[in-house]
Amino acid sequence: MKRTKVIDALKRTDFGSEITVKGWVRSKRGSKGIFFIALNDGSTIKNVQIVGEDQNFDEEVVKLITTGACLSVTGVLVESPAAGQSSEIQAREIEVLGPCDNTYPLQKKGASWEYLRTVAHMRPRTNTFGAILRIRHNMAMAIHTYFHEHGFYYFHTPLITASDCEGAGNMFQVTTKNLYDLKKDDEGKIDYSDDFFGEQVALTVSGQLEGELGATALGQIYTFGPTFRAENSNTPRHLAEFWMIEPEMAFYDKQDLMDLEEDFIKYCVRWALDNCRDDLEFLNKMVDKTLLERLEGVLKEDFVRLPYTEGIEILQEAIRQGKKFEFPCQWGDDLASEHERYLVEEHFKKPVIMTDYPKEIKAFYMKMNEDGRTMQGTDVLFPQIGEIIGGSVREESYEKLMAEIDRRGMETEKLQWYLDTRRWGSCPHAGFGLGFERLILFVTGMQNIRDVIPFPRTPKNCMF
Ligand code: ATP
Ligand code: MN
């Protein structure tokens, strides 16, 4: 018999029909010769209840129906007498496709997040991770749909690169060289001429620079792919391998950019509320009781648009009133997430787009303001998360960009192709990067970024 997914089985009202479902046992209980199985197949957070009488089944089969086992069940769809579910299945035939013994690591309820990370190959079978992963899929769909509907083209930027976008030393090198026998030059430096690409290359930390090439040809593009940063920071908001969405738009100014950031992120949150209701309600009940309220709150509010300099004044005033922060926040300091969260959660109580940062804490490619001290960055700060989007208007003037590159003492040898955009038909443009997992953190109410990606990569951890 053709299999019906649990999500569809629960909607059916043709009681009396025969039906087959397949899935994994979440729990089994029984009394007086009758057993009840909660079966889940991942199509929905909800389980379908299977009811059977011991006497109708082989004793050996009934014994194999344990938490975690995989079953195929054929029976009759009946209206459920139990509250909170419309239908259940009276089992006629049960086949144990995959038995599961008592070493199964997910037997007990209420396992800690830390423990579940050690069994990340199995944790997608828990209710919570099922919900998170369905939401994650939905957010990817929301993102592609948003950009497609707004005339952006999905542009694929390389993962292996010879340029270092941020100028930081946090890249993972890629090599086919024998690390036990490295060829070195007279000065003892590694000679890459015999390496696969003939030069030193690494995994990308951002697709932005290539994204700008796309925007100056196709007008509006976005990237959506994995990004790699060897940050040894071990925070609940950083992964070594994460997914990033980077739209880049020709002819956008700061205002257009902020409008897009706000509209885009609200669209994603609305999509979750419209399409992931059951999973969100589950998370709201089990993980974070203010989740739905917070998601709906974001949709209602206009985001505050706050120049960095004013943000610093607010933080300094808070300190004068007795607020204590771990890190300093004088003008010129890069804000820590405690500062970002203070502004968002305590001061404004709504998301903030912070703009016009000191040039010393931002990247070389950002457009300089008239004051010569600040750059046109537009980061979006969110409750619970801190920075969720990093954006900016890009410097389109060749001379100004070169002056900044010189001031920073950067090498331009490997950046020529990027600088060519400013030499040949340069145009005003802007873009941003959204960390996909930070969006998922916000939308699920989870606290640790390791718990919103199936297999997290963090310092000293590359399991599964
Ligand atoms: P942060 O200050 O939080 O480290 P950043 O300034 O390094 O962020 P950008 O380089 O602007 O971040 O990257 C754009 C977005 O990518 C960030 O707003 C954030 O959402 C996300 N992001 C950055 N680093 C990581 C990481 N290691 N893991 C997950 N997401 C990240
Ligand atoms: Mn960072």
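Start by selecting Asp288: at 11% relative accessibility, this residue counts as buried, because the cut-off for that label is under 20%. Keep in mind throughout that you're looking at a predicted model.

**Stop 1: around Asp288**

Zoom out a little and you'll see that Asp288 sits in the loop between helix 7 (277–286) and helix 8 (291–300). Now show its neighbours. Leaving aside residues up to four places away in sequence, Asp288 touches Leu283, Arg294 and Gly445. Which of these does the side chain of Asp288 meet in a polar contact? Pick Arg294: the two side chains are joined by a polar contact of 2.7 Å.

**Stop 2: the two domains**

Next, colour by domain. The protein chain is divided into domain 1 (6–98) and domain 2 (124–170 + 205–451), so when you select domain 2, remember to enter both of its ranges. If you place a pseudoatom at each C-alpha centre, the two centres lie 45 Å apart.

Where do the domains meet? Eight residues of domain 1 are in contact with eight residues of domain 2. Putting the two together buries about 660 Å², with carbon and sulfur atoms giving 42% of that area. Select Trp24, Arg26 and Ile45 on the domain 1 side: these residues lose the most area to domain 2, and together they make up 71% of what that side buries.

How many salt bridges cross the interface of domain 1 and domain 2? The rule finds one. Show Lys46 and Asp278 as sticks to see a salt bridge whose closest N and O atoms are 3.6 Å apart. As for polar contacts between domain 1 and domain 2, the count is three residue pairs, with both partners at pLDDT 80 or more. The residues on the side of domain 1 that touches domain 2 divide into two nonpolar, four polar and two charged.

**Stop 3: a buried charged pair**

The structure holds 33 salt bridges, and a few of them make good stops. Select Glu248 and Arg394 and draw a distance between their side chains: the closest N and O atoms of this salt bridge are 2.8 Å apart. Glu248 lies in strand 11 (residues 241–250) and Arg394 in strand 15 (residues 386–394), so the pair ties together parts that are 146 residues apart in sequence.

Are these two buried or exposed? Glu248 counts as buried at 2% relative accessibility, and Arg394 also counts as buried, at 3%. Now add Glu212 and Arg422 to the selection. Together with Glu248 and Arg394, they are linked in a network of salt bridges.

**Stop 4: a bridge between two loops**

Move on to Lys414 and Glu199. They form a salt bridge too, with the closest N and O atoms 3.7 Å apart. Lys414 is in the loop between helix 11 (398–407) and helix 12 (416–423), while Glu199 is in the loop between strand 8 (173–174) and strand 9 (201–203), so this pair ties together parts that are 215 residues apart in sequence. Switch on a surface and check both ends: Lys414 counts as partly exposed at 34% relative accessibility, and Glu199 counts as partly exposed at 32%.

**Stop 5: a bridge within one helix**

For a salt bridge inside a single helix, select Arg320 and Glu317, whose side chains meet at 2.9 Å, N to O. Both are in helix 9 (residues 308–320), and because they are three residues apart there, about one helical turn separates them. Arg320 counts as exposed, with 59% relative accessibility, whereas Glu317 counts as partly exposed, with 35%.

**Stop 6: two lysines with positive phi**

Finish with some backbone angles. Most residues other than glycine have a negative phi. Now select Lys349, where phi is near 60 degrees, a positive value in a residue other than glycine. You'll find Lys349 in the loop between helix 10 (337–348) and strand 13 (352–358), and it counts as exposed at 59% relative accessibility.

Then jump to Lys460. Its phi is positive as well, near 65 degrees. Where does this lysine lie? Lys460 is in the segment after helix 13 (436–444). At 87% relative accessibility, Lys460 counts as exposed.

Note on methods: Residues numbered from 1 in each chain as written. Chains lettered and ligands numbered in written order. Predicted model: local features only at pLDDT ≥ 70, side-chain atom pairs only at ≥ 80, totals over all residues. Heavy atoms only, no water. Contact = heavy atoms within 4.5 Å. Buried area = accessible area lost by both parts, 1.4 Å probe. Salt bridge = Lys/Arg side-chain N within 4 Å of Asp/Glu carboxyl O. Polar contact = N/O pair within 3.5 Å; in protein donor to acceptor, adjacent residues only side chain to side chain. Nonpolar A, V, L, I, M, F, W, Y, C, P; charged D, E, K, R; others polar. Helix = DSSP H or I, 4+ residues; strand = E, 2+ residues; numbered from the N terminus. Buried < 20%, exposed > 50% of the residue type's maximum accessible area, 1.4 Å probe, protein only.
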